[in-house]
Amino acid sequence: MSTELKILEFTPENYKMGTLVKFCAEECSNQEAFKIGKQMASLMTEAKGLGLAANQVGILIPLMVLLIKGKCVILYKPKIEEIGKEVFALEEGCLSLPEIKRKISRPIYVVFSAIVNKSGKRKQFKLWDLEARAFFHEW
């Protein structure tokens, strides 16, 4: 895939599957996923977001970028391992729905693993509070 990506704004007019999708794959190479992830990281940083999922740029693969401890991390094929039982409500926005803010309850804690580099290395993450909320939002 070699097209330049942009964050899509979901509106009633363009929210038909197929209208926004640029790339969909059962399996995507780690190298291709991280190439896409780097573009997504730039877009997220530019938009001052906390996270961005691949579907928000029209790509249907299990990929997200997330701000973790102040650093933008590319997460491919994340797998949830543990979810905290306690939840908290907070108002959230979305880069693809910029006009909408809603109070949403989400778990306060999550443990997950994801592929974090082109060689396929999987790393475990334990996130709390706002970072956990951002993960669930992009999940």
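Where is lysine 48 found? Lysine 48 sits in the loop between helix H1 (30–46) and S2. The model described here is predicted.

## Positive phi angles

Lysine 48 has a phi near 60°. That is a positive value, and the residue is not a glycine. Its relative accessible area is 76%, so lysine 48 is exposed.

Aspartate 129 also departs from negative phi, with a positive value of about 55°. Aspartate 129 is not a glycine either. This residue belongs to helix H2, a run covering residues 129–138. Is aspartate 129 buried or exposed? Neither label fits: aspartate 129 is partly exposed, because its relative accessible area of 40% falls between the limits of 20% and 50%.

## The salt-bridge network

How many salt bridges does the model contain? The count comes to two. Glu92, Arg106 and Arg133 are linked by them in a network. Side chains of opposite charge can pair when their charged atoms come close.

Take the pair of glutamate 92 and arginine 106. Their closest N and O atoms are 2.6 Å apart. Glutamate 92 lies in strand S6 and arginine 106 in strand S7 (residues 97–107), so this salt bridge ties together parts that are 14 residues apart in sequence.

Now the pair of glutamate 92 and arginine 133. Here the closest N and O atoms are 2.5 Å apart. Arginine 133 is in helix H2 and glutamate 92 in strand S6, so this pair ties together parts that are 41 residues apart in sequence. The side chains of glutamate 92 and arginine 133 are also joined by a polar contact of 2.5 Å.

## Burial of the network

Are the members of this network buried or exposed? Glutamate 92, in strand S6 (residues 87–94), has a relative accessibility of 9%. The limit for buried is under 20%, so glutamate 92 counts as buried. Arginine 106 is at 15% and counts as buried too. Arginine 133 has a relative accessible area of 3%, and it is buried.

The picture is therefore one of charged side chains paired under cover: Glu92, Arg106 and Arg133 are linked by salt bridges, and each of them is buried.

## A buried glutamine in a loop

Which loop holds glutamine 56? Glutamine 56 is in the loop between strand S2 (51–53) and strand S3 (59–60). Its relative accessibility is 4%, so glutamine 56 counts as buried.

The side chain of glutamine 56 has a polar partner in the backbone. One of its polar atoms lies 2.9 Å from the backbone nitrogen of alanine 53.

## A positive patch on the surface

Which residues gather in a patch of positive charge? They are Lys69, Lys71, Lys121 and Lys123, and the patch is on the surface.

Lysine 71 is one of these residues. Its place is in strand S5 (residues 71–83). At 59% relative accessibility, lysine 71 counts as exposed, because the limit for that label is over 50%.

## Summary

Two settings for charge stand out. Glu92, Arg106 and Arg133 form a network of salt bridges, and glutamate 92 within it is buried. Lys69, Lys71, Lys121 and Lys123 gather in a positive patch on the surface, where lysine 71 is exposed. Apart from these, lysine 48 and aspartate 129 carry positive phi values, and glutamine 56 is a buried loop residue.

Terms used. Residues are numbered from 1 along each chain as its sequence is written. This is a predicted model: local features need pLDDT of at least 70, side-chain atom pairs count only at pLDDT 80 or more; totals for chains, interfaces and linings use all residues. Side-chain values use heavy atoms; hydrogens and water are left out. Patches are made of residues with over 30% relative accessible area and no salt bridge: like charges are joined within 9 Å, nonpolar side chains (Val, Leu, Ile, Met, Phe, Trp, Tyr) within 5 Å. Accessible areas come from the Shrake-Rupley method with a 1.4 Å probe; for residues, only the protein chains shown count as cover. A salt bridge is a side-chain nitrogen of Lys or Arg within 4 Å of a carboxyl oxygen of Asp or Glu. Lys and Arg count as positive and Asp and Glu as negative; His and the chain ends are not counted. The place of a charge is taken as NZ of Lys, CZ of Arg, CG of Asp or CD of Glu. Helices (H or I, at least four residues) and strands (E, at least two) are DSSP runs, numbered from the N terminus. Buried means under 20% relative accessible area, exposed over 50%, partly exposed in between (1.4 Å probe, protein chains only). A polar contact is a pair of N or O atoms within 3.5 Å; within protein, one must be able to donate a hydrogen and the other to accept it, and residues adjacent in sequence count only if both atoms are side-chain atoms.
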